[in-house]
Amino acid sequence: MTTLTAQTTQIYSVFILATPEQIWDAITKSEFTQQYFYGARIDVHDGRRFCSIGDTEWDEEVLEADPPRRLVHGWVSAYDPDLAAEEQSRVSWEIEPQDGGITKLTVVHDQLEAAPKTAENVAGGWMYILSGLKTLLETGKPLAG
Amino acid sequence: MTFWSRKIPDMDDDQVFKALADPTRRHLLDRLFERDGRTLTELESELEMTRFGVMKHLRVLEDAGLVVTRRDGREKLHFLNPVPIRLIHDRWIDKYTEHRVAALADLKHELEESA
């Protein structure tokens with residue numbers, strides 16, 4: 001993605017026809033994440049967010065967990081050696097029920113000041129992830145392609 | 001369930017297409033693409049338009065989900081939310097460009113067959 005300077009606070013938001021509980025499960029259990037999160041297996045429990053992609057495994061600190069409304073955790077780009085050396089940033093998932101069975105999901109990725117390469121890297125990624133998550137929850141199938 | 005699942009995505013698309021069908025609003029998105037988290041005052045200073053006019057355009061963008069606002073103390077900051085554009089891309093652009101690519105592949109195949 002070509003940005004002049006990658007943003008140090010990035011906000012992504014999407015409306016999904018699903019309950020807050022379904023969205024919570026989809027972001028905290030690997031059986032779901034591997035279907036829309038670049039194949040990553042992600043499990044949140046015991047105050048940590050355990051991630052694995054291929055042979056790479058790492059975990060991140062959970063800063064706040066209020067199921068099924070709010071999850072805040074540290075972000076380390078361990079999946080790419082070039083980005084892994086950068087400082088930890090922060091990701092907040094906000095889950096807000098709306099009328100008509102719709103839930104608004106907002107992802108705020110901030111504290112990216114000391115992680116410029118990560119900021120650049122995730123800018124396109126979050127769009128793809130949220131689009132894939134919406135498709136998975138609404139159709140039961142991962143995004144094609 | 002079926003009512004909403006059919007209705008909502010199209011309604012969302014309508015709002016996004018309408019929001020994008022205006023040069024001032026596209027300009028505002030471009031400004032936010034360059035740098036996010038701007039106040040109304042900052043955005044207004046780059047446009048030859050009244051504060052009220054800019055507010056109205058931002059409101060349309062916000063209703064379509066293309067702009068998300070956050071409070072930071074006394075200030076209201078505007079952020080670009082590209083997800084609805086990505087959804088349109090996945091729903092519309094992919095579909096037609098895939099067809100084009102397939103058509104070209106067929107043509108190549110036919111030409112090679114007859115060669």
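A residue is taken as buried if 20 or more other C-beta atoms lie within 10 Å of its own. By that criterion, I find that buried residues make up 21% of the 115 residues in chain B. I note at the outset that the model is predicted.

**Entry 1. Chain B, overall**

I looked up the secondary structure of chain B and recorded 5 helices and 2 strands. Read from the N terminus, the order of elements is α-α-α-α-β-β-α. I then turned to contacts in chain B with a separation of 6 or more; residues 24 or more positions apart account for 53% of them.

**Entry 2. Chain A, overall**

For chain A I recorded 4 helices and 7 strands. Their order from the N terminus is β-α-α-β-β-β-β-α-β-β-α. I looked up the extent of the C-alpha trace along its principal axes and obtained about 40 × 35 × 35 Å. The radius of gyration of chain A is 15 Å, which agrees with the value near 15 Å for a compact globule of 145 residues. Of the 145 residues in chain A, 34% are buried. Among contacts in chain A with a separation of 6 or more, 49% come from residues 24 or more positions apart.

**Entry 3. The nonpolar core**

Which members of the largest nonpolar core touch the most other members? I found A:Ile23 and A:Leu130, in a core of 43 residues. Helix 4 of chain A, residues 116-139, gives this core its largest share, 6 residues. I then listed the contacts of A:Ile23, leaving aside neighbours within four places in sequence: A:Ile16, A:Ala18, A:Pro68, A:Ile95, A:Thr103, A:Leu105 and A:Leu137.

**Entry 4. A:Pro68 and its peptide bond**

A:Pro68, one of the contacts of A:Ile23, lies in the loop between strand 4 (56-66) and strand 5 (70-75) of chain A. I checked the peptide bond that joins A:Pro67 and A:Pro68 and found it cis, with omega about -5°. Most peptide bonds are trans, and most residues other than glycine have a negative phi.

**Entry 5. Positive phi values**

I recorded a positive phi of about 50° for A:Asp46, which is not a glycine. A:Asp46 lies in the loop between strand 2 (41-45) and strand 3 (48-53) of chain A. Is A:Asp46 buried or exposed? A:Asp46 counts as exposed because it has 8 C-beta neighbours inside 10 Å, and the limit for exposed is 12 or fewer.

I also recorded A:Gln111, another residue other than glycine, with a positive phi near 55°. A:Gln111 is placed in the loop between strand 7 and helix 4 of chain A. With 16 C-beta neighbours inside 10 Å, A:Gln111 counts as partly exposed.

**Entry 6. A:Thr106**

A:Thr106 is in strand 7 of chain A, residues 102-110. I counted 18 other C-beta atoms within 10 Å, so A:Thr106 is partly exposed. Not counting residues up to four places away in sequence, A:Thr106 touches A:Ile11, A:Ser13, A:Glu94 and B:Val68. I also looked up the separation of A:Thr106 from A:Leu130: 24 residues in sequence and 9.3 Å in space, C-alpha to C-alpha.

**Entry 7. The interface**

The contact of A:Thr106 with B:Val68 led me to the interface. I recorded 17 residues of chain B in contact with 18 residues of chain A. On the chain B side, the elements giving two or more residues are helix 1 (2-20), strand 1 (67-72) and helix 5 (83-114). By class, the chain B side that touches chain A has 7 nonpolar, 4 polar and 6 charged residues.

**Entry 8. Two helices of chain B**

Two packed helices are described by the angle between their axes and the distance between the axes. For helix 2 (residues 23-34) and helix 4 of chain B, I found an angle of about 75° and axes 10 Å apart. Helix 2 and helix 4 of chain B are therefore roughly perpendicular to each other. The contact is made by B:Thr24, B:Arg25 and B:Leu28 of helix 2 and by B:His57, B:Leu58, B:Val60 and B:Leu61 of helix 4. I sorted the contact by class into 4 nonpolar, 2 polar and 1 charged residues.

**Entry 9. B:Thr50**

B:Thr50 lies in the loop between helix 3 (40-45) and helix 4 (51-63) of chain B. I found B:Thr50 exposed, with 10 other C-beta atoms within 10 Å. B:Thr50 and B:Lys108 are 58 residues apart in sequence, and their C-alpha atoms are 55 Å apart in space.

Technical notes
Residues numbered from 1 in each chain as written. Chains lettered and ligands numbered in written order. Predicted model: local features only at pLDDT ≥ 70, side-chain atom pairs only at ≥ 80, totals over all residues. Rg over C-alpha atoms; globule rule 2.2 N^0.38 Å. Contact = placed C-beta atoms within 7 Å. Nonpolar A, V, L, I, M, F, W, Y, C, P; charged D, E, K, R; others polar. Axes fitted to C-alpha atoms, helices over the stretch in contact; angles between N-to-C directions. Parallel < 35°, antiparallel > 145°, perpendicular 65-115°, else oblique. Core = buried A, V, L, I, M, F, W, Y, C linked by C-beta atoms within 7 Å.
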